[in-house]
Amino acid sequence: AEPLPFTAATSGTVTAPAHGLINTDRVVLEAGEVGVLPTGLTATTVYFVISSATDSFQVSLTSGGSAVAITVAGSGLWRKVDVKTVNATEQFKISSGNLTLALR
């Protein structure tokens with residue numbers, strides 16, 4: 001899925017109209033081409049959604065944990081992360097062009 005825009009305030013609230021996320025969903029936030037990632041958030045970190053509402057949410061480093069403190073407002077792009085555990089006996093296929101790998 002394509003990344004979607006967000007803004008974030010020093011209240012710790014991420015604003016993303018009609019985002020469709022629920023508490024415990026996982027997201028990654030990034031600055032994007034024109035944004036400035038809010039201070040307190042780290043690109044490529046997988047965050048858990050907490051305090052989800054129709055047009056806003058907060059993020060935590062743990063499921064159901066405390067909101068990450070945002071000390072300087074900013075904006076960028078968010079994307080939902082779907083987690084799938086693959087057992088040793090399972091196989092999965094990814095179509096060409098649909099896989100992005102990131103070093104951590």
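User: What makes S4 and S5 a pair?

Analyst: S4 and S5 are joined by 3 bridges and run antiparallel. Two strands pair if DSSP finds at least two bridges between them, so S4 and S5 qualify. Strands here are DSSP runs of E, at least two residues long, numbered from the N terminus. One bridge links Phe48 to Ser60 in S5.

User: How do you know where these values come from?

Analyst: This is a predicted model, where local features need pLDDT of at least 70, side-chain atom pairs count only at pLDDT 80 or more, and totals for chains, interfaces and linings use all residues. Residues are numbered from 1 along each chain as its sequence is written, and side-chain values use heavy atoms, without hydrogens and water.

User: In what order do the strands close into a barrel?

Analyst: The order is S1-S2-S5-S4-S3-S6, with 6 strands and antiparallel pairing.

User: Why is Val28 called buried?

Analyst: Buried means under 20% relative accessible area, exposed over 50%, partly exposed in between (1.4 Å probe, protein chains only). Val28 has 16% relative accessibility, so Val28 counts as buried. Val28 lies in strand S3.

User: What is Val28 in contact with, beyond its neighbours within four places in sequence?

Analyst: Contact means heavy atoms within 4.5 Å. The partners of Val28 include Thr44, Val46, Leu77 and Trp78.

User: What makes a nonpolar core, and how many residues has the largest?

Analyst: A nonpolar core is a set of buried Ala, Val, Leu, Ile, Met, Phe, Trp, Tyr and Cys residues joined through side-chain atoms within 4.5 Å. The largest has 16 residues. Strands S1, S3, S4 and S5 each supply at least two of them.

Methods
Helices (H or I, at least four residues) and strands (E, at least two) are DSSP runs, numbered from the N terminus.
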